[in-house]
Amino acid sequence: MDAQLTEEEKRLVEYSKEAIVKYNKIRHAKNGIDTLYAFLMSESGKIYDGAAFEPNLSHASFCGERHAISNMVLQESYKAKIKSIVVADPVPDIQSRGTPPCGTCRHLIWSFGSPDTSVILMQYIQGKNGWIFPKLEKFKISDFYPLPYEPKEGLWDNWEPK
Ligand SMILES: [Zn+2]
């Protein structure tokens, strides 16, 4: 799938590239390594950052997408909506396909978005002189999650995703 980006998506992609370099430099300065990042643009046009959280307790880990979504909810409430999200994964060399969101994140991107919310898979590579971004692929969340789970009863009675 070709990456035909809207102007807003181009802005989100350019922002993401700069943020990846900034955050990776911070991580490397403390002997850390590259990680999966997510950057989303809400309907308001604001951008929220996220990175995979991988502490020393595996069940406490969560994905970069969910980190970015929870930052959006913190600033804009549970009524906020995702217009577009970049999922950026470090790769050793160009892969035939970027890393798509996991099942849980597909559900949450759908819940906090619309069927047309764009999901941009970005591959990035650490080179000798910094990081390069050789491949983008653009999808809609409905490509990844065509038959959404829509809980309507019990504990979820007060949940109003739409
Ligand atoms: Zn996930």
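**Strands and helices, term by term**

Me: I see that Y37 has A88 of β3 as its bridge partner. What makes β1 and β3 count as paired strands?

Reply: Strands here are DSSP runs of E with at least two residues, helices are runs of H or I with at least four, and both are numbered from the N terminus. Two strands pair if DSSP finds at least two bridges between them. β1 and β3 are joined by six bridges and run antiparallel, so they meet that rule. Another of these bridges links S42 with I82 in β3. Before we go on, this is a predicted model, where local features need pLDDT of at least 70 and side-chain atom pairs count only at pLDDT 80 or more, while totals for chains, interfaces and linings use all residues. Residues are numbered from 1 along each chain as its sequence is written.

Me: Which way do β3 and β4 run, and how many bridges join them?

Reply: β3 and β4 run parallel, with seven bridges between them. In that pairing, I85 stands opposite V119 in β4.

Me: What makes β1 mostly covered?

Reply: A residue is buried if 20 or more other C-beta atoms (placed from the backbone) lie within 10 Å of its own, exposed if 12 or fewer do, and partly exposed in between. In β1, six of its six residues are buried. Y37, F39 and M41 point one way, A38, L40 and S42 the other, and all are buried.

Me: Why is β3 called largely enclosed?

Reply: Seven of its nine residues are buried, so the rest of the structure largely encloses β3.

Me: How do you know that the span of helix α1 agrees with its number of residues?

Reply: The expected span is 1.5 Å times one less than the number of residues. For the 23 residues of α1 (7–29) that gives 33 Å, and the end C-alpha atoms are 34 Å apart, which agrees. Just after α1, N31 takes a positive phi of about 65°.

Me: Why are α2 and α3 called roughly parallel?

Reply: Axes are lines fitted to C-alpha atoms, for helices over the stretch in contact, and angles run from 0 to 180 degrees between N-to-C directions. Helix α2 (residues 64–76) and helix α3 (residues 103–111) pack at about 30°, with their axes 9 Å apart. That makes the two roughly parallel, because the term covers angles under 35 degrees (over 145 is roughly antiparallel, 65 to 115 roughly perpendicular, the rest oblique). The contact (C-beta atoms, placed from the backbone, within 7 Å) is made by E65, R66 and I69 of α2 and C105, L108 and I109 of α3.

Key: Contact = placed C-beta atoms within 7 Å.
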